[in-house]
Amino acid sequence: MEWWARGIDWTGGAPGLRWRGGRVSTLVYGQRLAFRAVDVRRCPGARGNPCPLEAVVPGRSTGGRCPECARLDRAHSVAADTVADDPQPYRVYLAWFGPGMTKVGITAEARGEVRLLEQGAVVFSWLGRGPLMAARRTEEVLRQALGVPDRVAYERKRATRHALPTAGERAREVEELYRSARTVGGWTETLEPLEFAARDQAGAFRLDGLPRPDGTVAELVGGGVVTGRLLAAAGPDLHLLAPDGRCLVLDTRLMRGWVLEAAGEGEGFSVPVTAAVPVAEGAQEELF
């Protein structure tokens, strides 16, 4: 049986590794992870359809798909603004990732809090609910009125998880923005406003006591080993304590398309790692 990785899964409210065929391996904080990438990375396909060519894809791509499958994926994506006729209800939310880092976004109501777990939102609150296009318009109106983005770079998220303010301070920052959002005119005429309720996910991610990251995995390579104790997981990121004492972050989107096998005891971290850099020096934009 080949264990072909498809990335992280937050469907049950806890992290797990998803594999081709729908299997999910639950992750437990404190457990040792040790695996080796096999052969080359191949496109996993899109929208439940396998890539007909199983095309080889670059190791550093967080998308992990060939151009044709990437186009298919985005052609049916709410996030890419290519779907306008989805009849299901949507929710608008505020998501907080660290001091001064809050975004406004939308998600299908049926997905519940999974979208926020997938993005690594430490705290969030719903703002309103209604039809897709009304939610999309509200997202843009609030983004402009409040001066907040619809994306936050992952390097910025990772750089703050080890030194978060208290839960009360986190909630207050989101509440202040929520109250400002409610004063913006127009959007409540097409969406049903929802009462403020801060949902803090730091416990689900296990962020208390998290060490400062020393670097991030740049890519997996054939024969390369990733090993370490799982300290935390947030969004697509796994924070690992490597055998040499470094705290390293693995973006599980880099795992998509790799066949993985267990690594032996005593094997060290042997994939390329990029040293942590100050947030101001640049950051990679998220794809969620």
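Is Tyr154 buried or exposed? In this predicted model, Tyr154 has a relative accessible area of 1%, which lies under the 20% cut-off, and the residue therefore counts as buried. Tyr154 is located in helix α4, which comprises residues 154-160. Its C-alpha atom lies 9.7 Å from that of Phe97, although 57 residues separate the two in sequence. Tyr154 is also among the residues in contact with Asp237, a residue of strand β12 that is considered further below.

The overall dimensions of the chain provide the setting for these local features. The chain contains 6 helices and 15 strands, and its C-alpha trace spans about 60 × 45 × 35 Å along the principal axes. For 288 residues, a compact globule would be expected to have a radius of gyration near 19 Å, and the value of 19 Å found for the chain agrees with this expectation. Of the 288 residues, 49% count as buried. Among contacts in the chain with a separation of 6 or more, 70% are accounted for by residues 24 or more positions apart.

An open sheet is formed by 10 strands, arranged in the order β3-β2-β1-β14-β4-β11-β12-β13-β10-β15 with mixed pairing. The edges are occupied by β3 (24-26) and β15 (273-275), and because each has a single partner strand, one side of each is left without a neighbour in the sheet. From one strand to the next, the twist averages 45 degrees. At the β3 edge, strand β2 (residues 16-19) pairs with β3 in the antiparallel sense over 3 bridges, and Gly16 stands opposite Thr26 of β3.

Strand β11 has neighbours on both sides in the strand order, β4 and β12, and 9 of its 10 residues are buried, so that the strand is mostly covered. Strand β4 (residues 32-38) runs antiparallel to β11 and is joined to it by 5 bridges, with Arg32 standing opposite Arg229 of β11. The pairing of β11 with β12 is likewise antiparallel and involves 5 bridges, and here Leu230 stands opposite Leu240 of β12. These two strands, β11 and β12, form a hairpin with 2 residues between them, in which Gly235 adopts a positive phi near 60 degrees.

Strand β12 (residues 237-241) includes Asp237, a residue that is buried with a relative accessible area of 0%. The side chain of Asp237 makes a polar contact with the side chain of Arg161 at 3.0 Å. When neighbours within four places in sequence are set aside, the contacts of Asp237 comprise Tyr154, Arg158, Arg161, Ala232, Val249, Leu250 and Asp251. Of these, Tyr154 belongs to helix α4, whereas Val249, Leu250 and Asp251 belong to strand β13, and these three residues of β13 are buried.

Strands β12 and β13 pair in the antiparallel sense over 5 bridges, and Leu241 has Cys247 of β13 as its bridge partner. The hairpin formed by β12 and β13 has 5 residues between the strands, and Gly245 in the turn shows a positive phi of about 95 degrees. Strand β13 (residues 247-251) is mostly covered, with 5 of its 5 residues buried. Cys247, Val249 and Asp251 point one way from the strand, while Leu248 and Leu250 point the other way, and all are buried. Strand β10 (residues 215-217) runs parallel to β13 and is joined to it by 2 bridges, with Thr216 standing opposite Val249.

The largest nonpolar core contains 59 residues, of which Leu220, Leu238, Leu250 and Leu260 touch the most other members. Strand β11 (residues 225-234) gives the most to this core, contributing 6 residues. A second, separate core consists of 10 residues, including Leu116, Phe124, Trp126 and Leu194. For Leu220, when residues up to four places away in sequence are not counted, the residues touched are Phe35, Ala37, Gly59, Val226, Leu250, Leu254, Met255, Trp258, Leu260 and Val271. Leu250 thus appears in several parts of this description: it is in contact with Asp237, it is touched by Leu220, and it is one of the buried residues of strand β13.

Definitions and conventions
Residues numbered from 1 in each chain as written. Predicted model: local features only at pLDDT ≥ 70, side-chain atom pairs only at ≥ 80, totals over all residues. Heavy atoms only, no water. Pairing = 2+ DSSP bridges. Helix = DSSP H or I, 4+ residues; strand = E, 2+ residues; numbered from the N terminus. Axes fitted to C-alpha atoms, helices over the stretch in contact; angles between N-to-C directions. Buried < 20%, exposed > 50% of the residue type's maximum accessible area, 1.4 Å probe, protein only. Polar contact = N/O pair within 3.5 Å; in protein donor to acceptor, adjacent residues only side chain to side chain. Contact = heavy atoms within 4.5 Å. Core = buried A, V, L, I, M, F, W, Y, C linked by side-chain atoms within 4.5 Å. Rg over C-alpha atoms; globule rule 2.2 N^0.38 Å.
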